[in-house]
Amino acid sequence: MERDTTKKKKEMMLTALEQGMGIVSSASKKANVSRTQHYFWMQEDADYKKAVEDITEMSIDLAEASLLSQIQNKNTSATIFY
């Protein structure tokens, strides 16, 4: 039973991370999981860690694509930032 609860909490946390673009603070609040618990799972569960890393990469890719789009639209600030 406890194992099922933990699995469900991890799934809720991963969903919240996806929805919040990988921001741990807001995902923790949304999933009702402490940041400490999240980082413990990261250390103890390789599959969970990989899923979190994938979400982080997806968020970075989205930010990079947005920046590139702004550069292509001649946004000087975006170009300078790049």
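What follows is a chat between a student and a tutor about a predicted model of one protein chain.

Student: Let's start simple: how many helices and how many strands are there in the chain?

Tutor: The chain has five helices and zero strands, and read from the N terminus on, its elements follow the order α-α-α-α-α. The radius of gyration is 16 Å, well over the 12 Å that the globule rule gives for 82 residues, so the chain is more spread out than a compact globule.

Student: And what box do the C-alpha atoms fill?

Tutor: Taken along the principal axes, the box filled by the C-alpha atoms is roughly 55 × 25 × 15 Å.

Student: OK, what share of the residues is buried?

Tutor: Of the 82 residues in the chain, 24% are buried. As for the surface, the accessible area of the chain comes to about 6300 Å², and carbon and sulfur atoms account for 55% of that area.

Student: What about contacts between residues at least 6 apart in sequence, how many of those join residues at least 24 apart?

Tutor: Among those contacts, 38% join residues that are at least 24 apart in sequence.

Student: Switching to charges, how many are positive and how many negative?

Tutor: There are 11 positive and 12 negative charges in the chain, and the mean positions of the two groups are 6 Å apart.

Student: Now the aromatics: how many aromatic pairs does the structure hold?

Tutor: The structure holds one aromatic pair, and W41 and Y48 are the residues that form it, in an edge-to-face arrangement with 5.4 Å from centre to centre and 75° between the planes.

Student: Are W41 and Y48 buried or exposed?

Tutor: W41 is buried, and Y48 is buried as well.

Student: Let's do loops. Where does M21 lie, and what is its phi?

Tutor: M21 lies in the loop between α1, which covers residues 2-19, and α2, which covers 24-31. Its phi is positive, at about 55°, although M21 is not a glycine. M21 counts as partly exposed because its relative accessibility is 41%, and partly exposed means between 20% and 50%.

Student: And N32, where is that one?

Tutor: N32 is placed in the loop between α2 and α3, the latter being residues 35-44. Its phi is near 55°, which is again a positive value in a residue other than glycine. With a relative accessibility of 62%, N32 counts as exposed.

Student: Going back into helix α2, what does S28 touch?

Tutor: S28, which is placed in helix α2, touches M13, V33, S34 and R35 when residues up to four places away in sequence are not counted.

Student: Why does S28 count as buried?

Tutor: S28 has a relative accessible area of 6%, so it counts as buried, the cut-off for that being under 20%.

Student: Last topic, L68: which helix is it in?

Tutor: L68 is found in helix α4, which spans residues 46-72, and at 47% relative accessibility L68 counts as partly exposed.

Student: How far is L68 from A78, and from T79?

Tutor: The C-alpha atoms of L68 and A78 are separated by 8.1 Å, with the two residues 10 apart along the chain. For T79 and L68, which are 11 residues apart in sequence, the C-alpha to C-alpha distance is 8.5 Å.

Student: And where does T79 lie?

Tutor: T79 lies in helix α5, residues 76-81, and T79 is partly exposed, with a relative accessible area of 42%.

Methods: Residues are numbered from 1 along each chain as its sequence is written. This is a predicted model: local features need pLDDT of at least 70, side-chain atom pairs count only at pLDDT 80 or more; totals for chains, interfaces and linings use all residues. Side-chain values use heavy atoms; hydrogens and water are left out. Helices (H or I, at least four residues) and strands (E, at least two) are DSSP runs, numbered from the N terminus. The radius of gyration is taken over C-alpha atoms; the globule rule is 2.2 Å times the number of residues to the power 0.38. Buried means under 20% relative accessible area, exposed over 50%, partly exposed in between (1.4 Å probe, protein chains only). Contact means heavy atoms within 4.5 Å. Accessible areas come from the Shrake-Rupley method with a 1.4 Å probe; for residues, only the protein chains shown count as cover. Lys and Arg count as positive and Asp and Glu as negative; His and the chain ends are not counted. The place of a charge is taken as NZ of Lys, CZ of Arg, CG of Asp or CD of Glu. Rings of Phe, Tyr and Trp (its six-membered ring) pair if their centres lie within 6.5 Å; planes under 30 degrees apart count as stacked, over 60 as edge-to-face and the rest as tilted.
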